[in-house]
2 protein chains.
Amino acid sequence: MTFDQVTPALAGKISEMLKVLADPMRLKIMKLLHDGEFCVGDIVEKVGSSQANVSKHLGLLAQALLVRSEKRGMQVYYRIEDPEVSKICEAICTHYGKLVKKRLGALAS
Amino acid sequence: MTFDQVTPALAGKISEMLKVLADPMRLKIMKLLHDGEFCVGDIVEKVGSSQANVSKHLGLLAQALLVRSEKRGMQVYYRIEDPEVSKICEAICTHYGKLVKKRLGALAS
DNA sequence: TGACTATATAACTATATAGTTATACTCTTT
DNA sequence: AAAGAGTATAACTATATAGTTATATAGTCA
């Protein structure tokens with residue numbers, strides 16, 4: 001699908017999703033979840049923020065369809081389930097990485 | 001490049017870029033520039049906002065390396081120069097479009 | 001049931017930013 | 001040089017949101 005074929009409704013959704021993805025803490029969480037499934041407590045530990053803060057970020061990511069959660073016992077596990085999401089993240093990293101390298105020098109090294 | 005290989009410095013850049021892209025008015029401008037080069041006055045007309053507002057948005061897009069500008073006479077022309085940027089936009093539209101369709105039904109139709 | 005653990009939510013504060021208005025800058029033309 | 005056109009910037013207001021603290025909700029075990 002090209003940019004042209006995006007309807008206003010989808011453009012709104014995309015803008016919301018990007019806003020959710022465009023946060024350092026949430027990118028950190030996404031990077032972590034790229035490696036597999038983690039429960040909230042583990043994520044809190046790994047990203048170094050408060051439980052309430054991480055929970056809120058996870059809620060936003062889930063609402064944007066970027067992650068899914070599953071309750072097992074007392075824990076809630078989060079994961080990147082959809083390959084589409086991985087592809088979006090990968091495309092952003094790859095292409096923007098190249099762009100930055102070309103224009104600003106070896107910041108990515 | 002996978003998510004794993006993104007350095008903290010690049011992650012910061014990516015987060016900034018996404019924040020710039022994640023705005024309805026700027027997405028509208030990017031969608032327009034996808035079709036070719038336009039000067040500020042034309043963009044103002046097409047997107048339906050004030051000159052000052054559009055100029056500020058264009059400045060942010062340029063700073064994020066998403067567009068480039070060139071002054072010719074009195075006009076300043078903006079364009080999406082880098083194929084990497086087009087690829088990022090395309091990947092986002094394609095994959096998130098699919099995702100939304102799968103999960104929320106035919107919002108994109 | 002009561003104590004405990006894991007997660008989510010509410011209320012609040014501080015900060016960032018989209019849009020507006022007014023003005024400055026730059027180039028062209030007479 | 002002066003006037004006008006095209007674009008950028010400064011100052012301001014209103015709104016959104018990241019993070020914190022305190023509390024609520026849900027599941028587990030004694």
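Tutor: Helices and strands here are DSSP runs, a helix having at least four residues and a strand at least two, and they are numbered from the N terminus. Please keep in mind throughout that this is a predicted model.

Student: With those elements in hand, which of them supply at least two residues each of the surface near DNA strand C?

Tutor: On chain A they are helix H3 (40-47), H4 and strand E3 (75-79), and H4 of chain B joins them. Among these, H4(A) gives the most to the surface near DNA strand C, with six residues.

Student: Which residues come nearest to DNA strand C, and how do the residues of that surface divide by character?

Tutor: Of the 22 residues around DNA strand C, those that come nearest are A:Cys39, A:Val40, A:Gly41, A:Ala52 and B:Ala52. By character, the surface near DNA strand C divides into nine nonpolar, ten polar and three charged residues.

Student: Turning to DNA strand D, which residues come nearest there, and which elements give two or more residues to the surface?

Tutor: There are 22 residues around DNA strand D, of which A:Ala52, A:Gly73, B:Cys39, B:Gly41 and B:Ala52 come nearest. The elements giving two or more residues to this surface are helix H4 (51-63) of chain A and, from chain B, helix H3 (40-47), helix H4 (51-63) and E3. The largest share, six residues, comes from H4(B), and the surface near DNA strand D is made up of nine nonpolar, ten polar and three charged residues.

Student: E3 of chain B appears in that list; how should I read the sheet of three strands in chain B?

Tutor: In general, strands of a sheet pair through backbone hydrogen bonds, either parallel or antiparallel. In chain B the three strands form an open sheet in the order E1-E3-E2, with antiparallel pairing. Strand E1 (38-39) and strand E2 (68-72) of chain B each have a single partner strand and stand at the edges, so one side of each is left without a neighbour in the sheet. The antiparallel pairing of E1(B) with strand E3 (residues 75-79) of chain B runs over two bridges, and B:Phe38 stands opposite B:Tyr78 in E3(B).

Student: Finally, how many residues does each chain bring to the contact between chain A and chain B, and which element of chain A gives the most?

Tutor: Chain A brings 44 residues and chain B brings 44 residues to the contact. On the side of chain A that touches chain B, helix H1 (8-21), helix H2 (24-33) and helix H5 (83-104) of chain A give two or more residues, and H5(A) gives the most, with 17 residues. The residues on this side of chain A divide into 25 nonpolar, eight polar and eleven charged.

Conventions: Residues numbered from 1 in each chain as written. Chains lettered and ligands numbered in written order. Predicted model: local features only at pLDDT ≥ 70, side-chain atom pairs only at ≥ 80, totals over all residues. Pairing = 2+ DSSP bridges. Near = placed C-beta within 6 Å. Nonpolar A, V, L, I, M, F, W, Y, C, P; charged D, E, K, R; others polar. Contact = placed C-beta atoms within 7 Å.
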